[in-house]
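Visitor: Could you walk me through this structure? I'd like to see the reasoning, not just the answers.

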Amino acid sequence: MDLSLSTRTVGDRTVVEVGGEIDVYTAPKLREQLVELVNDGSYHLVVDMEGVDFLDSTGLGVLVGGLKRVRAHEGSLRLVCNQERILKIFRITGLTKVFPIHTSVDDAVAATD
Amino acid sequence: MATVELLFSALPEHVRTARLVAAAVARRAGVDETVLDEVRLAVGEACTRAVSLHQSNAVSAPVKVVLIEDEKKFSIEVGDEAPHAPLSGPVPGAHAAGESAEEPGIEEEDEMGLAVISGLVDDVEVTAGESGGLIRMSWPIIPAPALP
């Protein structure tokens, strides 16, 4: 399965809905999408990962890169994920301390901390 | 003899194939269903690292994945043919070239891949020499119940 990406705006947040597999082959597409959003002035991103079937360290690297970019503009990058197998990768790498991870898009959009 | 051997050109698009093959052979060998996600991820990380090493060192040889089914364990070996620097201490200037300040560089992603593997797999061994590197991982096999 390939990677699917779609974006929508909710208030001052941009929600990026990701589906499929994020790996060494597909991660560059996600990187391009995040770079494009930041270049266009979207600094508060919510990455919805509920439709993601697979995530590896290349995908983590892209998310960390995205976080660095939005932080350079005092922005934020929040994740939405309830899948244990995906959350496990964030825990193993210690990235649960780096990314705010929410259980729903509504939750992530409403968060201000 | 290996149960299944897979050779693939060092291109990112083939890593998924390696993951699928490894998971299928592991399932058939009797690796617990709950562990198959870990097998898939660990093989993917090892192959991603090998592809990256081949590409950054302009190695034209394929990446090799060997899947071995034993009585009590299922082993996977992912081998690359990239020349590795000795593992003792940091290489001077290794982080100087080819990295932007914004994205993790090849070596950082390489380290993250290894971190994921060592976090996932209890039995893992990473060796490297001048003629290439090898990541060896294994998982226990749950014996099939005896037929009545």
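What follows is a short chat about a predicted model.

Visitor: Which residues of helix H3 (residues 84-92) of chain A are buried, and why do they sit on the same side?
Guide: A helix has 3.6 residues a turn, so residues three or four places apart point the same way. The buried ones here span an arc of only 150 degrees around the axis, so they end up on the same side of H3(A). Their names are A:Ile86, A:Leu87, A:Ile89 and A:Phe90.

Visitor: What covers those buried residues of H3(A)?
Guide: From chain A, the cover includes strand E3 (44-55), helix H2 (57-71), strand E4 (76-80) and strand E5 (101-102). Chain B pitches in too, with its helix H2 (36-56).

Visitor: How do H1(A) and H2(A) pack: roughly parallel or roughly antiparallel?
Guide: Helix H1 (residues 27-39) of chain A has its axis 9 Å from that of H2(A), and the angle is about 10 degrees. The cut-off for roughly parallel is under 35 degrees. So H1(A) and H2(A) count as roughly parallel.

Visitor: What kinds of residues make the contact of H1(A) with H2(A)?
Guide: On the H1(A) side you'll find A:Leu30, A:Leu34 and A:Val38, among others. H2(A) brings residues including A:Gly59, A:Val62 and A:Arg69. The split over the contact is eight nonpolar, three polar and two charged.

Visitor: Which residues form the aromatic pair, and is it stacked or edge-to-face?
Guide: There's one such pair over all chains. A:Phe90 and A:Phe99 have ring centres 6.0 Å apart, with 85 degrees between the planes. Planes over 60 degrees apart count as edge-to-face, so the pair of A:Phe90 and A:Phe99 is edge-to-face.

Visitor: Are those two rings' residues, A:Phe90 and A:Phe99, buried or exposed?
Guide: Buried means under 20% relative accessible area. A:Phe90 comes in at 0%, and A:Phe99 has 3%. So A:Phe90 is buried, and A:Phe99 is also buried.

Visitor: Where does A:Glu74 lie, and what is its phi?
Guide: A:Glu74 is in the loop between H2 and E4 of chain A. With 72% relative accessibility, A:Glu74 counts as exposed. Although A:Glu74 is not a glycine, its phi is positive, at about 55 degrees.

Visitor: What about B:Ala58: buried or exposed?
Guide: B:Ala58 isn't a glycine either, yet has a positive phi of about 50 degrees. You'll find B:Ala58 in the loop between H2 and strand E2 (63-69) of chain B. Its relative accessibility is 69%, so B:Ala58 counts as exposed.

Definitions and conventions: Residues are numbered from 1 along each chain as its sequence is written. Chains are lettered from A and ligands numbered from 1 in the order in which they are written. This is a predicted model: local features need pLDDT of at least 70, side-chain atom pairs count only at pLDDT 80 or more; totals for chains, interfaces and linings use all residues. Side-chain values use heavy atoms; hydrogens and water are left out. Buried means under 20% relative accessible area, exposed over 50%, partly exposed in between (1.4 Å probe, protein chains only). Helices (H or I, at least four residues) and strands (E, at least two) are DSSP runs, numbered from the N terminus. The arc is that of the directions from the helix axis to the C-beta atoms. Contact means heavy atoms within 4.5 Å. Axes are lines fitted to C-alpha atoms, for helices over the stretch in contact, and angles run from 0 to 180 degrees between N-to-C directions. Angles under 35 degrees count as roughly parallel, over 145 as roughly antiparallel, 65 to 115 as roughly perpendicular and the rest as oblique. Ala, Val, Leu, Ile, Met, Phe, Trp, Tyr, Cys and Pro count as nonpolar, Asp, Glu, Lys and Arg as charged, and the others, Gly among them, as polar. Rings of Phe, Tyr and Trp (its six-membered ring) pair if their centres lie within 6.5 Å; planes under 30 degrees apart count as stacked, over 60 as edge-to-face and the rest as tilted.
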